[in-house]
Amino acid sequence: MRNRFNGNLKWSDVTPKAQWMNRRSLLLGAGAAMVAGQAGAKITSVPSAYSTDAIPNTFEEITTYNNFYEFGTDKEDPARNSAAFQPDPWAVQIDGLVDKPGSYDLADILGGVTLEERIYRFRCVEAWSMVVPWVGFELATLLNRVGVQPSAKFVAFETVVRPEEMPGQRQPLLDWPYREGLRLDEAMHPLTILATGLYDEPMPKQNGAPIRLVVPWKYGFKSIKSIVRITLTDTMPITTWNTLNPREYGFYSNVNPKVDHPRWSQASERQVGGGIFAPRVDTLMFNGYEDQVAALYTGQDLTKDY
Amino acid sequence: MVQAINTTLRRVPPLAIYIAGVLPLAWLVWLLFSGALGVDPVKRIEHQLGEWALQLLVAGLAITPLRRFTGVNLIRYRRAIGLLAFFYVALHLGTWLVLDIQLRWAEIWADIVKRPYITVGFAGFVAMIPLAITSNNESVRRLGAKTWQNLHRLTYFAVLAGAVHYMWLVKAWPPEPIIYLILVIFLLATRLVPKKRA
């Protein structure tokens with residue numbers, strides 16, 4: 001909308017139909033989704049049966065304690081260094097083995113989806129955990145819309161590369177862009193969501209604005225942030241941490257108290273946010289989502305496929 | 001210049017080092033109670049104590065080469081620096097045991113045995129125990145200067161263990177642990193420079 005008076009309007013500046021339809025539905029009080037990224041806009045969402053009844057961490061805790069190396073390696077860096085980051089406008093390139101490849105505007109992606117609140121346990125590979133009330137929708141919804149071809153077996157994701165807005169990317173900390181991937185059945189699982197907000201706020205920059213993956217039974221680094229590309233492929237995709245250290249970070253990286261990180265135990269975790277006496281609790285298989293996801297790995301040796 | 005520094009230092013008693021050395025701890029406690037340590041104060045405390053311990057160990061290691069190559073003599077403060085380093089290492093370990101791993105002994109022993117960075121860090125701590133115990137004039141007298149000095153060469157191992165412990169625990173390649181490790185290796189290497197015969 002910033003270009004309204006200068007005559008350089010592109011088709012991408014036209015309000016997508018889904019979005020103005022959404023405005024109507026909002027006016028009608030239908031409680032439909034608002035577009036993330038509009039400053040101060042509250043998001044409405046519907047509750048989900050997939051939510052845990054654990055008490056979520058506070059908004060402040062969730063937004064000041066982040067691993068997002070694009071903005072620096074300290075937990076406070078993403079909140080501190082992300083002011084210049086511009087998550088609006090935003091588009092996601094969807095390509096590979098799909099029927100309708102293309103660059104999809106975020107508003108287009110959000111058009112027609114019902115945003116749900118998903119309160120998930122979040123377990124970091126560093127053995128701390130939080131509970132986060134994400135707002136998002138199932139990745140499967142999007143994949144079904146673009147049409148997954150039968151030969152597709154994996155989904156690859158990429159984070160945006162903007163060193164001018166992301167100071168961490170000016171250093172060779174990781175091989176940018178950050179890359180992640182899922183097997184197709186993992187990607188299609190109803191627990192796997194694309195999140196565009198938390199609490200009733202649009203996704204904060206430090207948490208992966210404007211759209212990020214959340215896979216609650218895997219270590220947090222699998223839940224890639226600020227996604228600009230989704231590729232359907234028939235080969236296991238390259239993933240950032242696995243490339244950096246394949247012995248320590250496997251492709252699957254399911255939360256598993258019995259398979260330790262080579263340098264530290266994964267048997268227990270500290271639930272951060274409780275101050276100095278934050279309790280340490282036993283880590284649960286698949287982060288407590290065993291009933292829902294164990295069947296995905298039937299016949300696999302999880303000590304090998306870690 | 002060197003003369004002036006050494007003359008000035010003559011007026012600073014080692015007690016000043018002990019006092020200055022506990023100020024950071026007081027500051028950390030103050031930060032904790034003012035809520036400035038953020039979402040995970042335990043990690044902040046643990047890492048901060050560890051880093052101060054490593055800095056003190058490096059400082060202690062720098063004293064001999066500093067005197068040898070520049071003439072600045074801080075040897076009078078070395079015991080204070082060493083004991084403060086031990087004090088911070090012990091607090092660092094205590095924080096891990098009590099606040100971080102919360103006295104889950106099965107996991108603690110598993111970590112010490114199986115996790116190389118914890119094994120190395122713990123070995124460094126153990127090596128410092130006899131050094132802390134013998135950091136007094138009485139022990140120097142009883143052991144004899146030569147034996148005492150040989151024993152205290154364990155410091156080399158402890159400092160190296162501390163730097164490796166740090167290097168080994170981080171993810172990716174942040175600069176700080178690399179800098180400490182290079183500094184420690186450099187300071188240890190200065191010991192290998194042959195002494196000119198007078």
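In helix α6 of chain B, the buried residues (under 20% relative accessible area, 1.4 Å probe, protein chains only) are Tyr117(B), Ile118(B), Gly121(B), Gly124(B), Phe125(B), Ala127(B), Met128(B), Leu131(B) and Ala132(B). The model is predicted: local features need pLDDT of at least 70, side-chain atom pairs count only at pLDDT 80 or more, and totals for chains, interfaces and linings use all residues. Residues are numbered from 1 along each chain, chains are lettered from A, and side-chain values use heavy atoms, without hydrogens or water.

Helix α6(B), a DSSP run (H or I, at least four residues) numbered from the N terminus, covers residues 116-133. From first to last C-alpha it reaches 26 Å, close to the 26 Å expected at 1.5 Å a residue; the expected span is 1.5 Å times one less than the number of residues. Its buried residues pack against α3, α4, α5, α8 and α9 of chain B.

Chain B contributes 24 residues to the contact with chain A (heavy atoms within 4.5 Å), and chain A contributes 33. In chain B, Val39(B), Arg115(B) and Lys171(B) lose the most area to chain A, together 31% of what that side buries. The two chains bury about 2,300 Å² between them, counted as accessible area (1.4 Å probe) lost on being put together and summed over both. Carbon and sulfur atoms carry 53% of it.

Seven salt bridges link chain B and chain A (Lys or Arg side-chain nitrogen within 4 Å of an Asp or Glu carboxyl oxygen). One salt bridge joins the side chains of Arg280(A) and Asp100(B), at 2.5 Å from N to O. On the side of chain B that touches chain A, α3(B) gives the largest share, five residues.

Terms used:
Helices (H or I, at least four residues) and strands (E, at least two) are DSSP runs, numbered from the N terminus. Buried means under 20% relative accessible area, exposed over 50%, partly exposed in between (1.4 Å probe, protein chains only).
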